[in-house]
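Please examine the sequence and the model shown here. The explanation is best read with both in view.

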Amino acid sequence: GPDFARQRLLGPPTMSSIGTGYDLSASTFSPVGRVFQVEYASKAIENSGTVIALRGKDGVVFAAENLVTSKLHEPRSTQRTFTVGKHIGIAVAGWIADGNMLVSEAQGEARNYLRNYGTDISAKYLNERISGLMHQYTLYGGARPAGACLMISSYNEREGPSLYMSEPSGVSWGYYGCAMGKGKQGAQSEIEKLKLKDLPVSQLVKEAARIIYMVHDTVKDKDFELELSWVGAVTNGKHERVPQSVFDEAEAYAKQALEESDDEA
């Protein structure tokens with residue numbers, strides 16, 4: 001059949017980095033132990049707008065590059081940052097629809113936890129629940145992995161700031177700073193230059209805006225809307241969009257930094 005002919009053309013499947021039949025289902029391992037559908041889900045995230053999270057000494061900042069694909073879209077009609085309960089922030093990189101589904105699951109988890117235990121769910125536990133759910137989507141033939149990454153943040157005075165990220169494979173880690181999307185590589189190298197542990201969110205919000213402006217590809221993607229949110233001592237542990245005055249200041253800082261780097265170049 002055609003599959004056999006294709007296989008002969010491509011050589012033995014173990015040598016090939018494309019799936020050759022092993023990429024049709026998330027429940028199939030390739031002979032070298034890869035699950036291609038999970039890898040492809042990560043590729044989908046790499047083609048979306050950049051999202052970064054920075055954990056400083058007194059909170060966590062999210063910054064997102066919302067790509068504007070049409071002039072007819074209403075401003076701020078898409079969002080990549082969400083609030084769970086009042087105290088947890090979630091940022092979505094990748095497919096927004098998949099992210100929305102995971103966020104609404106997270107909101108359900110938080111509600112159930114509050115009802116059952118009479119106290120707010122922690123970011124650490126919520127992250128475990130959501131990464132567990134994402135892992136479920138890599139186990140069954142009838143489902144596909146989520147094409148989204150979730151960054152989960154919180155702050156309280158006892159434990160300080162926390163930041164986690166769950167990937168389509170179900171793997172999750174705790175982070176000081178993380179980046180996902182088109183500008184992941186550039187953003188990560190910029191994040192690594194920052195002394196995150198020493199910086200307050202008032203400074204981080206400017207650095208986050210600067211990094212998003214820096215990695216934005218002005219050739220391929222003309223327009224974008226910057227989205228900034230934070231959770232920390234400054235917000236009394238609530239996750240919220242940054243106030244307009246803080247946003248304007250951060251955006252001005254980012255544009256100035258971009259102009260200065262262009263002048264040097």
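The paragraphs below treat the strands, the nonpolar cores and the aromatic side chains in turn.

The model is a predicted one. Its open sheet contains five strands, arranged in the order β8-β1-β2-β9-β10 with antiparallel pairing. At the edges stand β8 (177-180) and β10 (240-241), each of which pairs on one side only. Within this sheet, β2 and β9 run antiparallel and are joined by ten bridges. One of the facing positions is Val68, which stands opposite Asp223 in β9. On the way to the edge, β9 is joined to β10 by two bridges, again in the antiparallel sense. Here Trp230 stands opposite Glu240 in β10, and Ser229 stands opposite Arg241 in β10. As for its surroundings, β9 is mostly covered, since eight of its ten residues are buried. In a regular strand, side chains point alternately to the two faces of the sheet.

A helix accompanies the other edge of the sheet. Helix α5 lies across β1 and β8, and α5 runs at about 165 degrees to β8.

How many residues does the largest nonpolar core have, and which of them have the most contacts inside it? The core has 28 residues, and those with the most contacts inside it are Ile52, Val205, Leu226 and Leu228. Two or more residues of this core are given by each of the strands β1 (51-55), β2 (59-68) and β9 (223-232), and likewise by each of the helices α5 (184-193), α6 (201-215) and α7 (244-264). The largest share, nine residues, comes from α6. Ile52 illustrates how distant parts of the sequence come together: when its neighbours within four places in sequence are left aside, its contacts include Val61, Phe62 and Ala63. Ile52 is also in contact with Met151, Cys178 and Ala179, as well as with Ala187 and Ile191. Ala208, Ile211 and Ile212 complete the list of its contacts. There is also a second, separate core of 19 residues, which includes Phe82, Ile90, Ala106 and Ile152.

A further group of strands is built around β6. Strand β5 (residues 148-156) pairs with β6 in the antiparallel sense over seven bridges, and a hairpin of three residues joins the two. Across this pairing, Tyr155 stands opposite Pro161 in β6. Strand β7 (residues 172-174) also pairs with β6 in the antiparallel sense, over three bridges, and Met165 stands opposite Trp173 in β7. The hairpin formed by β6 and β7 has five residues between the strands, and Gly170 in the turn has a positive phi of about 95 degrees. Is strand β6 enclosed or open to its surroundings? Seven of the seven residues of β6 (residues 160-166) are buried, and therefore the strand is largely enclosed by the rest of the structure.

The aromatic side chains supply another view of the model. With ring centres required to lie within 6.5 Å, the count comes to four aromatic pairs. One of these is formed by Phe36 and Tyr40, a tilted pair at 6.1 Å centre to centre with 35 degrees between the planes. Both residues lie in helix α2 (residues 36-46), four residues apart, which is about one turn of the helix. Phe36 is buried because its relative accessible area is 2%, whereas Tyr40, at 32%, is partly exposed.

Why is the pair of Tyr113 and Tyr117 tilted? Their ring centres are 4.7 Å apart and their planes stand at 50 degrees; planes under 30 degrees apart would count as stacked and those over 60 as edge-to-face, so the pair falls in the tilted class. Tyr113 and Tyr117 both lie in helix α3 (residues 96-117), four residues apart, about one turn of the helix. Tyr113 is partly exposed, with a relative accessible area of 21%, while Tyr117 is exposed, with 57%. Together with Tyr125, Tyr113 and Tyr117 form one aromatic cluster. Along the chain, Tyr117 and Ser48 are 69 residues apart, and their C-alpha atoms are separated by 37 Å.

Finally, a charged group is placed against an aromatic ring: the charged end of Lys206 sits over the ring of Tyr253, 6.0 Å from its centre.

Definitions and conventions: Residues are numbered from 1 along each chain as its sequence is written. This is a predicted model: local features need pLDDT of at least 70, side-chain atom pairs count only at pLDDT 80 or more; totals for chains, interfaces and linings use all residues. Side-chain values use heavy atoms; hydrogens and water are left out. Rings of Phe, Tyr and Trp (its six-membered ring) pair if their centres lie within 6.5 Å; planes under 30 degrees apart count as stacked, over 60 as edge-to-face and the rest as tilted. Buried means under 20% relative accessible area, exposed over 50%, partly exposed in between (1.4 Å probe, protein chains only). A charge sits over a ring if NZ of Lys or CZ of Arg is within 6 Å of the ring centre and within 35 degrees of the ring normal. A nonpolar core is a set of buried Ala, Val, Leu, Ile, Met, Phe, Trp, Tyr and Cys residues joined through side-chain atoms within 4.5 Å. Contact means heavy atoms within 4.5 Å. Two strands pair if DSSP finds at least two bridges between them. Axes are lines fitted to C-alpha atoms, for helices over the stretch in contact, and angles run from 0 to 180 degrees between N-to-C directions.
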